[in-house]
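Subject: Structure handover

Hello,

I am passing on the structure we spoke about. Please look it over before reading the notes below it.

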Amino acid sequence: MTSRTVTLLDVARTAGVSKSTASDALQGSGRVAEATRDRVRAVAEELGYRPNSAARRLRRSSTGAIGLHLPQTATRLDYYMNLAFGAVACAQEEGFDVVLLAPASTTGSAGGATGPGNASGPVASRVDGLLVIDPEVGDSAVPGLLDAGVPVVTGERYLGPTAAPTGAVICDNAASLTALLDHVTERGARRPAVLAPAGTSAWATALRATAASWGQEHGVDVALRTVPFAATPGEAEETTLALLRADPAVDAVICAPDGAAPGVLRAAATLGRPVGPGAPSPTAGEPTPLLVASCVDGTATRSAEPPVTAVDLRPAAYGRACAELLCDILAGRTPPDTVRRHAWALETRASTTAGPA
């Protein structure tokens, strides 16, 4: 093994058993064959595994708090702030405080993570459970949080090769982008484009895959461009300008990142592209109208001119749903490994409709 702290998951993988079996074997509990118990203990000794004492204490006592881990870009996105408010409201109703886990609390000062074991100990000693929202495979804090020894509920699935969360609340992100693509084509688009988010979250991965698969299924060449996960309006504007200049046939742009759609509108204005199907039909040499939509609804899409069609992911309700599942698991009302689904809604507005939605 490397110099990082050895986790229970490392022991389980090396011994060829599940994490729960490894835990039972080391604690002398559960129905574990003696040969398996001996093998797990031998592997733990060989790897230098040291049980997490804080996690063991939490099985017998309560801190009265749950932890909330958000993506590092969350502080400037309305979506995550509304989600956090929903989680806090639900937790308070259940008698829990919410501890916001800042990036500094789960990363080291030498430009990397402190390692799963180092991160999980301090976190587990402070909370009864964890909410990990939109976990990225590239977020070095996530493996330690999932192995912290307390129940963990993720908002969206975690695609990395580490311990599975105790529960998850997921959205059908493929269906939401499919609905947007279907909508703009029903409104006359023949060459849609998607500004899809970079990154390794389940949301970003699903949107990129859906843009490609939808195009293949419908025989439409979807212009796919990748932008930062939390792209600013300026970054969306720059990408859209380059896209429309290189491919003037694009007649609909679906922008994924929260709050970035106004940048697409600015790019359209710069190029003289009227927005919405209600724009006058172009004559020879005049710019083609452009439909604009967003994968995330919020203040920026509702207050834009024209208002932008968007998917309402209901972030406050989503945060509440994540906290509710964690509280249910902590109280024994819901079994571990529960996955719940969260509903979204398509809000059509003037950027894609000829009149009132």
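The notes below go from the whole chain to its cores, and then to two helix pairs and one residue.

Please keep in mind that this is a predicted model.

Overall make-up. The protein contains 13 helices and 12 strands. Of its 357 residues, 51% are buried. Among contacts with a separation of 6 or more, 69% join residues that lie 24 or more positions apart.

Nonpolar cores. In soluble globular proteins, nonpolar side chains tend to be buried together. Here the largest nonpolar core has 50 residues. Tyr80, Leu131, Leu177, Val194, Ile254 and Cys295 are the ones with the most contacts inside this core. Helix α13, residues 315-330, gives the most to this core, namely 8 residues. There is also a second, separate core of 20 residues, with Ala260, Ala261, Leu265 and Val308 among them.

Cys295 is worth opening in the viewer. Leaving aside residues up to four places away in sequence, Cys295 touches Leu177, Leu180, Trp203, Leu207, Ile254, Cys255, Ala256, Val311 and Leu313.

Helices α1 and α3. Helix α1 (residues 8-15) packs on helix α3 (residues 34-47) at an angle of about 125°, and their axes are 9 Å apart. The two are therefore oblique to each other. The crossing of α1 past α3 is right-handed. On the α1 side the contact is made by Asp10, Val11, Thr14 and Ala15, and on the α3 side by Arg39, Val40, Val43, Ala44 and Leu47. By class, these residues are 6 nonpolar, 1 polar and 2 charged.

Helices α10 and α11. For helix α10 (residues 233-246) and helix α11 (residues 261-270), the packing angle is about 40° and the axes are 7 Å apart. That angle makes α10 oblique to α11. α10 passes α11 in a crossing that is right-handed. From α10, the residues Pro233, Gly234, Ala236, Glu237, Thr240, Leu241 and Arg245 take part, meeting Gly263, Val264, Arg266, Ala267 and Thr270 of α11. This contact of α10 with α11 divides into 5 nonpolar, 4 polar and 3 charged residues.

Alanine 175. Is this residue, alanine 175, buried or exposed? Neither: its relative accessibility is 28%, so alanine 175 counts as partly exposed. Alanine 175 sits in helix α8, which covers residues 173-186. Its C-alpha atom is separated by 9.5 Å from that of alanine 206, and the two are 31 residues apart along the chain.

Regards

Notes
Residues numbered from 1 in each chain as written. Predicted model: local features only at pLDDT ≥ 70, side-chain atom pairs only at ≥ 80, totals over all residues. Heavy atoms only, no water. Axes fitted to C-alpha atoms, helices over the stretch in contact; angles between N-to-C directions. Helix = DSSP H or I, 4+ residues; strand = E, 2+ residues; numbered from the N terminus. Parallel < 35°, antiparallel > 145°, perpendicular 65-115°, else oblique. Left-handed = near helix turned anticlockwise from the far one by under 90°. Contact = heavy atoms within 4.5 Å. Nonpolar A, V, L, I, M, F, W, Y, C, P; charged D, E, K, R; others polar. Core = buried A, V, L, I, M, F, W, Y, C linked by side-chain atoms within 4.5 Å. Buried < 20%, exposed > 50% of the residue type's maximum accessible area, 1.4 Å probe, protein only.
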